[in-house]
Amino acid sequence: GDRLDLNTATEAELRALPGIGEAKAAAIVAYREAHGGFSSVEELLQVKGIGEKILAGLRDHVCI
């Protein structure tokens, strides 16, 4: 299926991802705004509340 671009996805789109709820979606958007975007999918690990397990579930659903 189509992958979601972490740098352009809306909060609503992010919430639909596996393991990502309202708080994590907001944290992803806040991190993106603070750092001028993501340079890699692995950078999601820097976002509060996202660990290896969640990242593993997201890999097939997101891109940069």
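This report describes selected side-chain features of one protein chain, taking confidence, an aromatic pair, buried charges, a salt bridge and two exposed lysines in turn.

**Confidence.** The structure is a predicted model. Over the protein chain the mean pLDDT is 96, and 98% of the residues reach 70 or more. Within the chain, confidence is lowest in strand S1, residues 4-5, where the mean is 96, and highest in helix H2, where the mean is 98.

**An aromatic pair and a buried glutamate.** When the whole structure is searched, one aromatic pair is found. It is made by Tyr31 and Phe38, whose rings are stacked, with 5.1 Å from centre to centre and 25 degrees between the planes. Tyr31 and Phe38 are both buried.

Glu43 belongs to the surroundings of this pair, since Tyr31, Gly37 and Phe38 are the residues that Glu43 touches when those up to four places away in sequence are not counted. Glu43 is placed in the loop between helix H2 (22-35) and helix H3 (52-58). Which side chain of opposite charge is nearest to Glu43? It is that of Arg32, which is 11 Å away, and Glu43 is buried yet has no salt bridge. Because a salt bridge requires a side-chain nitrogen of Lys or Arg within 4 Å of a carboxyl oxygen, the 11 Å to Arg32 does not qualify. The side chain of Glu43 does, however, make a polar contact of 2.7 Å with the side chain of Tyr31, and it also reaches the backbone nitrogen of Ser39 at 2.8 Å.

**A buried arginine.** Arg32 lies in helix H2. Like Glu43, which is buried without a salt bridge, Arg32 is buried and has no salt bridge, and the nearest side chain of opposite charge, that of Glu33, is 5.6 Å away. The side chain of Arg32 instead reaches the backbone oxygen of Leu6 at 2.7 Å. Apart from neighbours within four places in sequence, Arg32 is in contact with Leu6, Asn7, Thr8, Ala9, Gly37 and Phe38. Phe38, a member of the stacked pair, is thus listed among the contacts of Arg32 and also among those of Glu43.

The polar distances given for these two buried charged residues are collected here.

| Side chain | Partner | Distance |
|---|---|---|
| Glu43 | Tyr31 side chain | 2.7 Å |
| Glu43 | Ser39 backbone nitrogen | 2.8 Å |
| Arg32 | Leu6 backbone oxygen | 2.7 Å |

**The salt bridge.** The count of salt bridges comes to one. In it the side chains of Arg59 and Glu42 meet at 2.5 Å, N to O. This pair links distant parts of the chain, 17 residues apart, with Arg59 in the loop between H3 and strand S2 (62-63) and Glu42 in the loop between H2 and H3. Are the two partners buried or exposed? Arg59 has a relative accessible area of 34% and is therefore partly exposed, and Glu42, at 38% relative accessibility, also counts as partly exposed.

**Two exposed lysines.** Lys53 lies in helix H3 and counts as exposed because its relative accessibility is 77%. Its C-alpha atom is separated by 9.1 Å from that of Gly19, although the two residues are 34 apart along the chain. Lys48 lies in the loop between H2 and H3 and, at 74% relative accessibility, counts as exposed too. Lys48 and Lys24 are 24 residues apart in sequence, while their C-alpha atoms are 7.5 Å apart in space.

Definitions and conventions: Residues numbered from 1 in each chain as written. Predicted model: local features only at pLDDT ≥ 70, side-chain atom pairs only at ≥ 80, totals over all residues. Heavy atoms only, no water. Phe/Tyr/Trp six-rings, centres within 6.5 Å; stacked < 30°, edge-to-face > 60°. Buried < 20%, exposed > 50% of the residue type's maximum accessible area, 1.4 Å probe, protein only. Helix = DSSP H or I, 4+ residues; strand = E, 2+ residues; numbered from the N terminus. Lys, Arg positive; Asp, Glu negative; His and termini not counted. Polar contact = N/O pair within 3.5 Å; in protein donor to acceptor, adjacent residues only side chain to side chain. Contact = heavy atoms within 4.5 Å. pLDDT = per-residue confidence, 0-100.
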